[in-house]
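Please open the structure in your viewer and keep a selection panel at hand. The tour below proceeds by selection, with a short account of what each one shows.

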Amino acid sequence: MSTAMSPEPSRRILGETMQLTDDFFALFEMPRAFRIDPSELERRYHERQAQVHPDRFASAGDTERRLSLQWATRINEAYQTLRRPLSRAKYLLQLAQHDIASESNLAMPTDFLVEQMEWREAIAEARAAADHHGLEHLHHRLHHDLQERYGEVAALLDDRHDFAEAADRVRRLMFLEKLLFEIDEAIVVSEEQASG
Amino acid sequence: MALLQIAEPGESSAPHEHRLAVGIDLGTTNSLVATVRSGLAVVLSDELGRPLLPSVVRYLTDGSAEVGYEAQARQALDPRNTIVSVKRFMGRGLGDIAHRESLPYHFDDAPGMVRLLTAAGRKSPVEVSAEILRVLRLRAEAALAGPLLGAVITVPAYFDDAQRQATKDAARLAGLPVLRLLNEPTAAAIAYGLDNAAEGVYAVYDLGGGTFDISILRLSRGIFEVLATGGDSALGGDDFDQRIFCWIIEAARLKPLSVEDARMLLTRAREAKEYLTFHGSAPICARLDSGEAVDLTLSTEVFTEITRTLVAKTIQPVKKALRDAGLSVADVKGVVMVGGATRMPQIQRAVGEFFRQQPLNNLDPEKVVAIGAATQANLLAGNRVSGDDWLLLDVIPLSLGIETMGGLVEKIIPRNSTIPAARAQEFTTFRDGQTALAIHVVQGERELVSDCRSLARFELRGIPPMVAGAARIRVTFQVDADGLLSVTAREQTSGVEASTVVKPSYGLSDDEIAGMLKDSLLHVRDDAQRRALKEAQVEAQRLIEAVRSAIDADAELLSADELSRIQNELTRLQALSLSDSRRQIVLAMDDLEAETKAFASRRMDKSIRRAFAGRKIGELDSQLTAEKTGEAV
């Protein structure tokens, strides 16, 4: 099993028995890297799920039904984790023993916190004014910002292998993803108000 | 039971033998049963050629029940004992039931699920539904000339855990083995998708008699993937009838009605609604017991006006589901209309306006769910050949969580998670020396426990005394392919472990179900014991066949000793399978199962390995490509 973070093709010997405890990249036989081909991931996900899904074992015995449930659950969990960039980055850090929560520098730099406050004020204003257009604008701005930041995380994880710095960036991304979620919630509320 | 379908998933090990499986649409207003015959899904009709079975059950004083048209015809004469739209009561407490003051029944508030007091005694909605399922089972067995391997039963996608569990219990009570609970819009998507070789993102808008679902799916070759689902499990065609009913009372200035008159006027309301689908106005005439006469005309304009808010109530969940799927209206290639209530012109118009396209109505909205369910049942029974099958990936409609301090909900599995799914979360004690922890499982999207549905409460005991915050209690949620939840809790410090498993059952304990089973056997029209024996014989034959084909495919996974032990058990079961002792057959099946357990695991491993093999070259290529191009996040 590959343990390095290198983007080299996996050296796993095909035919070796897969284990439920294998890491998520190994389950899909993809290199352990942040940059992945999403359509390839999806293709492999479908392929594996087609083999193990409980629908394949609906009239089978208890042992197979239980095993199938465990495998299908695990493969769903693996796919959901690798599919989204934030959870994929967190997972890579976890595999590299860089737990983002236990890092010593949990405090965020002041400029980041100030930026956060500005975002929150902008959201609160738009929400209070039921400014649907303004909220959509905030959504696009933040979305664009996130794209850039994920690009930086990709370089840190895959090229420079600087996990400490990557962990710091990922912590910020967690804040920003939460902001994006709040904007989206506010958009839903403003839509509901608009349609009475 | 063992080892089936591993050699080639989905492929019948004995191609000539067709396993009898059906799909059942257990609807609020009407129910249907369908099966695949000669490769074609067909709805099975009753002896008079009628495909629908009205979901109406009338209880008689001798303890028996009339089901279907017979019961429907008498509902105005005997409204108290004639249960219509029982689906609305499934897994529901008295407080959950809308318009209960205008319903003619004697409700009995019971913890968990409401009960109905009838001429035949106190009935749970599960028992009423089981009466309907039993009639469909008998219809199918007569048509197919044999006991069923199992059924796929459809449920609204927006049904919560309590409603799903109640449906499964009803099937058990009716003597129907459940192959899978399938979401109604997903069933419709299968029927539509296979029929039209559809590819792309589709929305299924399903307005039934009492429930509303919206599902967004991505269809691609061989894969039906539900991206998001939403709805309202207490909104349907019934509510449109109710609006007309209220309009009649107001327009005709009627005094308070007897239950018989109310039931009759509700029927007139439904007839007017159906009439308006094809006409600009509907006459409503009735003579009441009180001597009053009703003579009104309801125009399409008035009908549209009085139901405007109901139509709007369906559009909100549509927006939410689209957003959850991360898609917009422009991404939706087609909108499949399901459920009799979608025939109403104002529904067609509202859906068309929202999606900016003509909704798809080319399948019978009343049959499409049963057809899809039968098609899926045929797949699950192993009647399809490999390569001619498909994969279904469905989701849970509502978030699952746990109560934490202050009555707040900690979500453990979010809505729209692909099933099967599991998530574990750690909790701790808040008092020094605390040795027990109460766990309250809830379902819903709100932050306060009081706004969510309570699914189950259980206690984890035997926690070793520690200071507050030192215990580590791992709570694991597992949702299976039926969308049903089980919860495990385990305390894991200093090697001490305590664990418990809870299967929520919503007021119906296993004992209660066993009691109901016994009661129902007193009234069965078929010989239960003979039936059970017949089923065991069929099961045994299936097991023998499955083990044999597994040995044919993978004998190399067994040592000579293991093989001979399995052969011995096979021979013994084969001999016993023709005997008259159900007990002996079941015991011999258990023995064979036990002997093949390790074999089954090895075959599963092999099957999983195969998912990885056979693509060595292509894989290296694609990884190199991925490396070069990188990924746009």
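A residue counts as buried when its relative accessible area is under 20%, as exposed when it is over 50%, and as partly exposed in between. By that criterion, 56% of the 633 residues in chain B are buried. The coordinates belong to a predicted model.

**Stop 1: the two chains as wholes**

Select chain B and colour by secondary structure. The chain contains 16 helices and 27 strands. Its accessible surface is about 26,400 Å², and carbon and sulfur atoms supply 51% of that area. Of the contacts in chain B between residues at least 6 apart in sequence, 67% link residues at least 24 apart.

Now select chain A. Here the count is seven helices and zero strands, so that reading along the sequence gives α-α-α-α-α-α-α. Chain A has 196 residues, 47% of which count as buried. About 9,300 Å² of chain A is accessible, with 53% belonging to carbon and sulfur atoms. Among its contacts between residues at least 6 apart in sequence, 66% join residues at least 24 apart.

Within chain A, colour residues 24-83 and 110-194 separately: these are domain 1 and domain 2. What distance separates the C-alpha centres of domain 1 and domain 2 of chain A? The centres lie 31 Å apart.

**Stop 2: A:His53, a residue of chain A that touches chain B**

Select A:His53, in the loop between α2 (38-52) and α3 (62-83) of chain A. Is A:His53 buried or exposed? Its relative accessibility is 3%, and A:His53 therefore counts as buried. Display the neighbours next. Leaving aside residues up to four places away in sequence, A:His53 touches A:Ser68 and A:Ala72 in its own chain, and B:Leu391, B:Leu392, B:Leu393, B:Ile419 and B:Pro420 in chain B. Add a distance label from the side chain of A:His53 to the backbone oxygen of B:Leu392, where the value is 3.5 Å.

**Stop 3: the five-stranded sheet of chain B**

From those neighbours, move to strand β19 of chain B, which spans residues 391-393. Strand β19 belongs to an open sheet of five strands in the order β18-β13-β14-β15-β19 (chain B), with mixed pairing. At the edges are β18 (334-338) and β19, each pairing on one side only. From one strand to the next, the twist averages 25°.

Cross to the other end of the sheet and select β13 (residues 200-207) together with β18(B). These strands run parallel and are joined by five bridges. To locate one such pairing, pick B:Tyr205, whose bridge partner in β18(B) is B:Met337. Then add helix α9 (residues 345-355) of chain B, which lies across β13 and β18 at about 160° to β18(B).

**Stop 4: strand β5 and its partners**

Select residues 56-59 of chain B, strand β5. B:Val56 and B:Arg58 point one way, B:Val57 and B:Tyr59 the other, and all are buried. Which strands pair with β5(B)? One is β7 (residues 82-84), antiparallel over three bridges, and in that pairing B:Val56 has B:Val84 as its bridge partner. Another is β6 (residues 65-67), also antiparallel and joined by three bridges; there B:Val57 stands opposite B:Val67. Strands β5(B) and β6(B) form a hairpin with five residues between them, and B:Gly63 in that hairpin has a positive phi near 90°.

**Stop 5: the three-stranded sheet of chain B**

Select β8, β9 and β10 of chain B. They make an open, antiparallel sheet in the order β8-β9-β10. Because β8 (106-108) and β10 (121-123) each have a single partner strand, one side of each is left without a neighbour in the sheet. The twist from one strand to the next averages 35°. Zoom in on β9 (residues 115-118) and β10(B), an antiparallel pair with three bridges, in which B:Thr118 is matched with B:Gly121.

**Stop 6: B:His279**

Finish at B:His279, in the loop between α6 (259-276) and β16 (281-287) of chain B. With a relative accessible area of 36%, B:His279 is partly exposed. A polar atom of its side chain lies 2.9 Å from the backbone oxygen of B:Tyr275. For a last distance, label the C-alpha atoms of B:His279 and B:Ala130: these residues are 149 apart along the chain, and the atoms are separated by 37 Å.

Technical notes:
Residues are numbered from 1 along each chain as its sequence is written. Chains are lettered from A and ligands numbered from 1 in the order in which they are written. This is a predicted model: local features need pLDDT of at least 70, side-chain atom pairs count only at pLDDT 80 or more; totals for chains, interfaces and linings use all residues. Side-chain values use heavy atoms; hydrogens and water are left out. Helices (H or I, at least four residues) and strands (E, at least two) are DSSP runs, numbered from the N terminus. Buried means under 20% relative accessible area, exposed over 50%, partly exposed in between (1.4 Å probe, protein chains only). Contact means heavy atoms within 4.5 Å. Accessible areas come from the Shrake-Rupley method with a 1.4 Å probe; for residues, only the protein chains shown count as cover. Two strands pair if DSSP finds at least two bridges between them. Domain bounds come from an automatic or database domain assignment. Axes are lines fitted to C-alpha atoms, for helices over the stretch in contact, and angles run from 0 to 180 degrees between N-to-C directions. A polar contact is a pair of N or O atoms within 3.5 Å; within protein, one must be able to donate a hydrogen and the other to accept it, and residues adjacent in sequence count only if both atoms are side-chain atoms.
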